[in-house]
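I opened the model today to look up how its strands and helices are put together. These are my entries, in the order in which I went through them.

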Amino acid sequence: MEFNDSLSIGMDDLSKTDDIEIPEVLPMMAVRDVVIFNYMIIPLFVGRPGSVEAVNEALSGDKLLMLVTQRDATKDDPGPEDLYEIGMVCMIMRTLKLPDGRLKVLVQAVSKAAVKEYLRLDPSYRVSIAVVEDEETGEIDVEVEALMRTVREQTEKIMSLRGILSADLMMIINNIEDPGRLADLIGSNLRLKIPESQAILEEVNPISRLRLVNKLLSKELEVSTVQAKIQNEAKEEMGRSQREYILREQLHALQKELGDADDRSQELDDLERKLKKTKMPKPIRKEAQKQLRRMEMMHPDSSEATIIRTYIDWILDVPWKKGTADLLDLKQAKQVLDEDHFGLERVKERILEFLAVRKLNQSTKGPILCFVGPPGVGKTSLGQSIARAMGRRFHRISLGGMKDEAEIRGHRRTYIGAMPGRIIQGLKTVKSNNPVFMMDEIDKVGADYRGDPSSALLEVLDPEQNSEFSDHYLNLPFDLSNVMFITTANMTDTIPGPLMDRMEVIRLSGYTLEEKLVIANRYLLPRQIRENGLKKSQLKLTDPTITRIITHYTQEAGLRNLEREISKICRKVARKIAEGGKGPYSVTTRNLDKYLGPPKTIPESEIETLDQPGLVTGLAWTEIGGEILHIEVNLMPGKGKLILTGQLGDVMKESAQAALTYCRSRSKDFEVEDGFFDKTDIHIHVPAGAIPKDGPSAGITIATALYSAITGRKVRRDVAMTGEVTLRGRVLPIGGLKEKSLAALRVGITKVIIPEQNQKELVEIPEDIRTKMKFHPVKDMEEVIDLAFDDRAKPKRRNKK
């Protein structure tokens, strides 16, 4: 609640409106955030269509308009239940049409009235009203006179506290002898809540109305008194601060004459010395000196001085010319990489190549590598090993979920709390201008109204541009060409094309069973024994046991779940030893379930599969590696419908349609009766129906399953396949061949049918995997059928009628 600074505004005590005849039916308009009192003159801005219509209707008549206040000011289209029943009949004195289409209306309150009935609701309100008359006051006795004098005195005190006391205003207030009109005058200028103002308006007894106003004035007087006290204290504090500043400056002058340095001078001298010692380019040093001179001219307590001090600290802390020397001994680097990671020969070879080039050419720029692979294959830990092998410092940031461009480029210094981006912050943390800088989850960068971080990364990850990278906070060029950037991703589909073009992609597909066994014995088991406080002699885990953990308790391309299961065994052994057990404890395949519970997965080779026509094994690629995909086809009497289930995507549905078209076009070769497809419903189902599936690589698998179901021939159980099929039966290339091959090997499948155009990718598959598996490149579906079916299984002929 607040008292209006100008008490007489909106009131005209000399207006004579008592002789105006009020009709029983008037147009009505709802007003927001204001309650209009009698004899009040107020400007209103009218914009709602219904309100404009009501004003126009009043102007076309006797210019009288009923105004009532909304209960809820947020409603743009209030109904009768949203309006108070008592309002004011007002006369429109003046109107002005504004450029934006609204009306500015000046109205004067004429009489208090109550809405009896709503006669029309659209396009504007038209209501039946009844004039509400105040009760007779009678003679003003001593009590009423005292009440009126109290109201006047409280009003005068409030105006005095606010510094707006005027003789003219007090003369108007003192000349009003009617209690009701005095209450309306004071109440209209108190900024009350709508329910409180409406309560004053609806009170028909003038004395009661004046008492209500007196109560609100008392509350306002208390608030104004406290407010004046606070303002006085603030002025005193401000005066004290000014005196302290003058005295401080005088003290500074005296200390300067005596030769004593104060804290301020000491701080500036320290910054000056640090600036001389720090190695930085000449333009950077010039800017730092300029900011230091500005800081000297400012008061130490000013906000601008604090901002400049923080800025100078950042300039001094950034490693402009401070780096680490690379270890260019290739044998030692290879030894470090082999110590930390088993396999991953392609990645190690690329790092050794960079070191070899660096040894021959010291000015070579840092590479931009992108490790793409499923979770748990060692992408992040590989970055740490690269830093250790090169003798560089390592820093990692996560880009997952990042949506603000300022996270990369920094905030401009004009913003409160501004700071550099994550790139400059990371370089300051490692205190080196040539670290191994890892950016995890680059495929999960977002974007919103604050900018697109992936666009900002275009400059960071471009060796031709990042030599003059400019952070918004520093606004100074920094050379990032010596930094070795490594990014990681689970998939490349969500990485923007221009950003993808700047990176050298190295794919980490996953590990075979043998590789997981070696890694578990060499890295995972020793680490978990150490982290769980055990000794090597207290736990024995044999190779068959680890193999069973891999095959029956994990199903992944990486190693995270495998390490969790080993950790679980170590914790249980640690508990036994903590409870007094002596050990050693040997975990074998027989007692493994006591530590890990029943198996979580069952290998495909141990599952009893149905040996029936229409069942084919396919291969699929996912973000977490390759997967086995089973395709089932059933034939039923019907009307030639194709039913697809298993939550298939649009591309996979189109592959099924293409496969069916191919089979129908070869119906004569399949020796099926005429009209077979018109009176047979075909149901294609891909199990694991809760998991969405999509992609074209299941095309030949679906076509083979259709052929198997139609001819009655059984597909060989040791064969898996992948490839896209066309209407003519051609087999087109697919992606993720290495991941799919590993998935087939995990379940014991050793024969894989692949598109002939993917044959060139076989060299990327490790030799130990190629020796265990046999790949059959094919050009068309005829070759697929020849390889997929057991020659001994003769087809069941469907005789023509």
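**Entry 1: the open sheet.** I looked up the five-stranded sheet and found that it is open, with the strand order β10-β11-β14-β9-β15 and parallel pairing. Its edge strands are β10 (394–398) and β15 (504–507), each of which pairs on one side only. On average, neighbouring strands of this sheet are turned by 20° against each other, direction ignored. For my own reference, helices (H or I, at least four residues) and strands (E, at least two) are DSSP runs numbered from the N terminus, and two strands pair if DSSP finds at least two bridges between them.

I also noted what kind of model this is: it is predicted, local features need pLDDT of at least 70, side-chain atom pairs count only at pLDDT 80 or more, and totals for chains, interfaces and linings use all residues. Residues are numbered from 1 along each chain as its sequence is written, and side-chain values use heavy atoms, with hydrogens and water left out.

**Entry 2: strand β14.** Which strands pair with β14, and over how many bridges? Strand β11 (residues 436–440) is joined to β14 (residues 484–489) by four bridges, and the two run parallel, while β9 and β14 pair over five bridges, also in the parallel sense. On the β11 side, V436 stands opposite M484 and M439 has T487 as its bridge partner; on the β9 side, F371 stands opposite T488.

I then asked whether the residues of β14 are buried or exposed, taking buried as under 20% relative accessible area, exposed as over 50% and partly exposed as in between, with a 1.4 Å probe and protein chains only. Six of the six residues of β14 are buried, so the strand is largely enclosed by the rest of the structure. M484, I486 and T488 point one way, whereas F485, T487 and A489 point the other way. This fits a general rule that I wrote beside the entry: in a regular strand the side chains alternate between the two faces of the sheet.

**Entry 3: helices on the sheet.** Helix α11 (residues 345–360) lies across β9 (368–372), β14 and β15, and it runs at about 145° to β15. Helix α12 (residues 379–390) packs on the sheet as well, where it touches β9, β10, β11 and β14, and its direction makes about 175° with that of β11. Here axes are lines fitted to C-alpha atoms, for helices over the stretch in contact, and angles run from 0 to 180 degrees between N-to-C directions.

**Entry 4: strand β4.** I looked up β4 (residues 64–69) next and found it mostly covered, with six of its six residues buried. L64, M66 and V68 point one way from β4, and L65, L67 and T69 point the other way. Strand β2 (residues 25–31) runs parallel to β4 and is joined to it by four bridges, with M29 and L67 as bridge partners. Strand β5 (residues 86–97) pairs with β4 in the antiparallel sense over four bridges, and there L65 stands opposite C90.

**Entry 5: two helix crossings.** At what angle do α17 and α19 cross? The axes of α17 (residues 513–531) and α19 (residues 560–578) come within 10 Å and cross at roughly 45°. The two helices are therefore oblique to each other, since angles under 35 degrees count as roughly parallel, over 145 as roughly antiparallel, 65 to 115 as roughly perpendicular and the rest as oblique. Among the residues that make the contact (heavy atoms within 4.5 Å) are A520 and L524 of α17 and I566 and C570 of α19.

For the second crossing, I found that the axes of α22 (residues 699–711) and α25 (residues 781–788) come within 11 Å and cross at roughly 65°. I700, A703, T704 and Y707 of α22 meet M781, V784, I785 and A788 of α25 in this contact.

**Entry 6: residue A658.** My last search was for A658, which lies in helix α21 (residues 650–665) and is buried, with a relative accessible area of 14%. Leaving aside its neighbours within four places in sequence, A658 is in contact with V725 and L727. I also noted that A658 and I702 are 44 residues apart in sequence and 9.4 Å apart in space, C-alpha to C-alpha.
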